[in-house]
Amino acid sequence: MSITDPIADMLTVIRNAQAARKEKVDFPASQIKLSIVKIIKDNGYITDYRQIEDGKQGIIRVYLRYSSKRTGIMTGLKRVSRCSRRVYVDKDSIPYVYGGNGLAIISTSKGIVSDKEARRLKSGGEVLCYVW
């Protein structure tokens with residue numbers, strides 16, 4: 001089975017695992033997925049992640065984070081820029097997700113960064129996804 005949009009597939013796997021209250025979730029590794037997961041962890045939406053070598057592509061294992069009432073910390077994940085519709089922003093129009101309470105992940109010329117980091121770097125780019 002070929003995957004048309006691996007980032008959207010990764011976000012769906014995480015969203016479904018959190019809805020099922022799983023402790024951890026695995027998906028195929030790539031550098032862009034690893035960068036996105038690192039940003040999500042740095043902003044406190046997941047507990048941890050590990051890169052597991054399997055002799056092929058590799059696997060990323062994400063440990064999900066829940067509140068004391070066993071509800072997910074992430075209430076939403078949304079893929080913004082898709083294969084059929086790319087969404088680009090300049091440095092002055094970087095979006096604020098939920099009034100700054102969420103997170104936009106942006107692919108810039110300086111790498112994949114969060115919306116706050118993109119504003120600090122004064123660099124626009126392609127909006128990959130929103131996390132809130």
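This report describes the helices, strands and cysteines of a predicted model.

## Helix 1 and its buried side

Helix 1 covers residues 6-19, and its length can be checked by simple reasoning: at 1.5 Å a residue, its 14 residues should span 20 Å, and because the end C-alpha atoms are 20 Å apart, the expectation and the model agree. Just after this helix comes Arg21, a residue whose phi is positive, near 60°.

Which residues of helix 1 are buried? They are Ile7, Met10, Leu11, Ile14, Ala17 and Gln18. These residues cover an arc of only 130° around the axis, which means that they lie on the same side of helix 1. The elements that cover them include strand 1 (24-28), helix 2 (31-42) and strand 3 (59-64), and also strand 4 (77-79) and strand 8 (125-131).

## The sheet of three strands

Strands of a sheet pair through backbone hydrogen bonds, and this pairing may be either parallel or antiparallel. In this model, one open sheet is built from three strands in the order 1-3-2, and its pairing is antiparallel. Strand 1 and strand 2 (46-52) are found at the edges, where each has a single partner strand, so one side of each is left without a neighbour in the sheet. From one strand to the next, the twist averages 20°.

How many bridges join strand 2 to strand 3? There are six, and the two strands run antiparallel. Ile52 has Ile59 of strand 3 as its bridge partner.

## Two helices against the sheet

Helix 1 packs on this sheet, where it touches strand 1 and strand 3, and the direction of the helix makes about 165° with that of strand 1. Helix 2, for its part, lies across strand 1, strand 2 and strand 3, and it runs at about 155° to strand 2. Helix 2 is also among the elements that cover the buried residues of helix 1.

## Strand 8 and its partners

Strand 8 is mostly covered, since seven of its seven residues are buried. Several other strands pair with it, and they can be taken in turn along the chain. Strand 4 pairs with strand 8 in the antiparallel sense over three bridges, and the bridge partner of Leu77 in strand 8 is Val131.

Strand 5, which holds residues 88-89, is joined to strand 8 by two bridges, and these strands run antiparallel; here Tyr88 stands opposite Glu126 of strand 8. Strand 6, made of residues 103-108, pairs with strand 8 in the antiparallel sense over six bridges. In that pairing, Ile105 has Cys129 of strand 8 as its bridge partner.

## The cysteines

A disulfide is a covalent bond between the sulfur atoms of two cysteines. A search of the whole structure finds zero disulfides. Cys83 is in no disulfide, and the nearest cysteine sulfur, that of Cys129, is 14 Å away. Cys129 is likewise in no disulfide, its nearest cysteine sulfur being that of Cys83 at 14 Å. Why does this distance leave Cys83 without a disulfide? Two cysteine sulfur atoms count as a disulfide if they are within 2.5 Å, and because the nearest sulfur to that of Cys83 is 14 Å away, the cut-off is not met.

Are these two cysteines buried or exposed? Cys83 is partly exposed, with a relative accessible area of 43%, whereas Cys129 is buried, with a relative accessible area of 0%.

Note on methods: Residues numbered from 1 in each chain as written. Predicted model: local features only at pLDDT ≥ 70, side-chain atom pairs only at ≥ 80, totals over all residues. Heavy atoms only, no water. Buried < 20%, exposed > 50% of the residue type's maximum accessible area, 1.4 Å probe, protein only. Helix = DSSP H or I, 4+ residues; strand = E, 2+ residues; numbered from the N terminus. Expected span 1.5 Å × (residues − 1). Arc of directions from axis to C-beta. Contact = heavy atoms within 4.5 Å. Pairing = 2+ DSSP bridges. Axes fitted to C-alpha atoms, helices over the stretch in contact; angles between N-to-C directions.
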